[in-house]
Amino acid sequence: MPKKPAQKANNSRRPNPANNARRNDIPRPMTRQKQETVAAISYEEGITVHELAEKLKRQSSDIIKLLFMLGKVVTINSNLDDETVQLIGMEYGTEVTKVVPVDEDSLEEDVIDDEVLVERAPIVTIMGHVDHGKTTLLDTIRKTKVVEGEFGGITQHIGAYQVNVAGRKVSFLDTPGHEAFTSMRARGAKVTDIAIIVVAADDGVMPQTKEAVDHAKAAGVPIIVAVNKIDKPGVNFDRLYNGMADLGLTPEEWGGETIFCKVSAKTGEGIQNLLETILVVADVNDLKANPNRTASGTVIEAKLDKGRGPVATVLVQNGTLHTGDILVAGACFGKIRRMVDDKGREIKEAAPSTPVEIIGLSDVPVAGDIFKVFESERRAREVADHRAQTKIENERRSSAAVSLEDLSKRIEEGTILEVQAIVKADVQGSAEAVRQALERMEVGNVKVNVIRSTVGGISESDVMLASASKALIIGFNVRPDALIRKKAEEEGVEIRLYNIIYKVVEDIEAAMKGMLAPVYKEEILGQAVVRQTFKVSKIGTIAGCMVNDGKLVRNAKCRIIRDGKVVYTSFISSLKRFQNDAKEVASGYECGLTVEGFNDIKDGDLVEAYDDQVLVEV
């Protein structure tokens, strides 16, 4: 069949006046220079080329070309400084204004209406010298056994508790009394309404007693002196009163204005009188807050929990905190998923003066940070991101300045020996306290430089940083696992582990004096992970374990490690392979064991066997 001529194709090539008219209506790219000029725009710190182009209603390529002609090479994601933004604005005839974000977290209500204020619970801080009975006093008030859980009977963290006194609530902050925790104690004084200075009747005024008084005076809060241990024989009250009067706290018995309460935390004598005195002082100061506004307060303590993530203990100072609230604490933000009171009970809201533990923050805040609730998660994220960026920039500037100052000091003073250290602790307060204690030390021309101080278990990144900077790793209430320990041995990094603060200071000071390690060293025999537990009457809990490093030895000392933290220290009372008793079990084999005095062992726990009496050559 013959093909038809392709008329349609030929017709399509013929000029069509209508099509030409439509083409003429389409704007050409060359008309870009006729774009309208934006009269004025505003921008924030760190604006990019793309963001500025959108505000100016221009193409990003136009700005890139303009800056290239001026000798500046940028990309679409490059951040522009203020001078460059102003220059671009002048080129396009646009007035540009820089906007500094307002930190809403620091804003308070301008107008306080007395009608919306209601009475709130007093916040009481217990301070004083180490071992003068602060925690035991609070323990008596709460009728619990807090002090038994502290290493060496010394409080290592800030505790926040709320008790009922004559039908009214009183919030207590228990701050550590050791001098290394000066900053933690200072934070307690800043958020408190009443300060109780505990002084042992048989010991009198001590160095940390003076520091506690100074913190309370600096905070401008009423002071009550609790004279503890009055049950001990041979107590000289006149000597104690005279020492306190020298600090500016003259007792009422001597015509002064300071209330002195004689108590015995051990027997409970005088406790009721102390509590009634607290309520009287609170009434005199007329403590009030607005429970109906958005909540704000202070972070008392913070830590990173392996199972729950960032956990913060906060003290609500104004407003009411609810589960589901969006808050910013320092450079962290988040939505409260769970809120627990001091007795471990889950609650839905917390009124003013209530201490609570919250879960849901994006990161671990710094103890002492102010927190505030926001209505919008977007605004909370903006404030937190802005603070984080500001913090990073400040650290960069400060680190650069310190480096230059160190260089000039080295030139002026000659060679200065430095002990580089990395501090890892279970909670933020301990990490900060250990860091400050070390940085204050100076023996001759030898100083300690803490290059990292963070919360959590010892990680591989810590070991690599220590290797690169020739640093010592100090672990406080944390333990490394077998892999981290092997990595440290390969890199030649020394890890020192402690659970009492003054032992850290003593050991480091001894090392600084002679620059030598101690002659006694703890040897880790082996580690095993608990796979399954069995409860047997008359025996207790049997842990079925797999030895993953070294060996376990019967009757060897051991510690139970949970989430990188030591929860119990004892010895292996029995060790079995199947049904047979075993003297030791090597790596790669399963075994069953019991730990003397400990039946709360759980799946996933680490059992670490060790010998702490090994003499080594140094």
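**Exercise 1. A salt bridge in helix 11**

Task: In this predicted model, state where Arg378 and Glu382 lie and how many residues apart they are.

Solution.
- Step 1. Helix 11 spans residues 377–413 and contains both Arg378 and Glu382.
- Step 2. The two are four residues apart, which is about one turn of the helix.
- Step 3. Their side chains meet in a salt bridge, with an N to O distance of 3.5 Å. That fits the cut-off of 4 Å between a side-chain nitrogen of Lys or Arg and a carboxyl oxygen of Asp or Glu.
- Step 4. Arg378 has 65% relative accessibility and therefore counts as exposed. Glu382, with a relative accessible area of 37%, is partly exposed.

**Exercise 2. A salt bridge between two loops**

Task: Work out which parts of the chain are tied together by the pair Arg120 and Asp193, and decide whether Arg120 is buried or exposed.

Solution.
- Step 1. The side chains of Arg120 and Asp193 form a salt bridge of 2.7 Å, N to O.
- Step 2. Arg120 is in the loop between strand 3 (118–119) and strand 4, while Asp193 is in the loop between helix 7 (182–190) and strand 7, so the pair connects parts that are 73 residues apart in sequence.
- Step 3. The limit for buried is under 20% relative accessible area. Arg120, at 16% relative accessibility, is buried. Asp193 is buried as well, with a relative accessible area of 13%.

**Exercise 3. A network of charges**

Task: Find the elements that hold Glu608 and Arg479, and name the residues joined with them into one network.

Solution.
- Step 1. Glu608 and Arg479 meet through their side chains in a salt bridge (2.7 Å, N to O).
- Step 2. Glu608 is in strand 31 (residues 606–615), and Arg479 is in the loop between strand 22 (472–476) and helix 14 (482–491). The pair thus links distant parts of the chain, 129 residues apart.
- Step 3. Glu608 and Arg479 are both buried.
- Step 4. Through shared partners, salt bridges join Arg479, Arg485, Lys486, Asp549, Arg559 and Glu608 into one network.
- Step 5. The count of salt bridges comes to 24.

**Exercise 4. The two sides of helix 4**

Task: Sort residues of helix 4 into buried and exposed, and say what the buried residues pack against.

Solution.
- Step 1. Helix 4 covers residues 60–69, and its buried residues include Ser60, Asp62, Ile63, Leu66 and Leu67.
- Step 2. These residues cover an arc of only 160° around the axis, so they are on the same side of helix 4.
- Step 3. That side packs against helix 3 (49–56) and helix 5 (82–91).
- Step 4. On the other side, Lys65, Phe68 and Met69 are exposed. Met69 counts as exposed because its relative accessibility is 69%.
- Step 5. Phe68 and Met69 join Val73 in a nonpolar surface patch with about 410 Å² of accessible area together.
- Step 6. Just after helix 4, Gly71 has a positive phi of about 90°.

**Exercise 5. The nonpolar cores**

Task: State how many residues the largest nonpolar core has and which element gives the most to this core.

Solution.
- Step 1. The largest nonpolar core has 26 residues. Among those with the most contacts inside this core are Leu137, Phe172 and Leu274.
- Step 2. Elements supplying at least two residues each include helix 6 (134–142), strand 6 (168–174) and helix 10 (271–285).
- Step 3. Helix 10 gives the most, with seven residues.
- Step 4. A second, separate core has 21 residues, including Val530, Val553, Leu593 and Val595.
- Step 5. Beyond its neighbours within four places in sequence, Leu137 is in contact with Val198, Ala226, Val263, Ala265, Ile271 and Leu274.

Note on methods: Residues are numbered from 1 along each chain as its sequence is written. This is a predicted model: local features need pLDDT of at least 70, side-chain atom pairs count only at pLDDT 80 or more; totals for chains, interfaces and linings use all residues. Side-chain values use heavy atoms; hydrogens and water are left out. Buried means under 20% relative accessible area, exposed over 50%, partly exposed in between (1.4 Å probe, protein chains only). The arc is that of the directions from the helix axis to the C-beta atoms. Contact means heavy atoms within 4.5 Å. A nonpolar core is a set of buried Ala, Val, Leu, Ile, Met, Phe, Trp, Tyr and Cys residues joined through side-chain atoms within 4.5 Å. Patches are made of residues with over 30% relative accessible area and no salt bridge: like charges are joined within 9 Å, nonpolar side chains (Val, Leu, Ile, Met, Phe, Trp, Tyr) within 5 Å. Accessible areas come from the Shrake-Rupley method with a 1.4 Å probe; for residues, only the protein chains shown count as cover.
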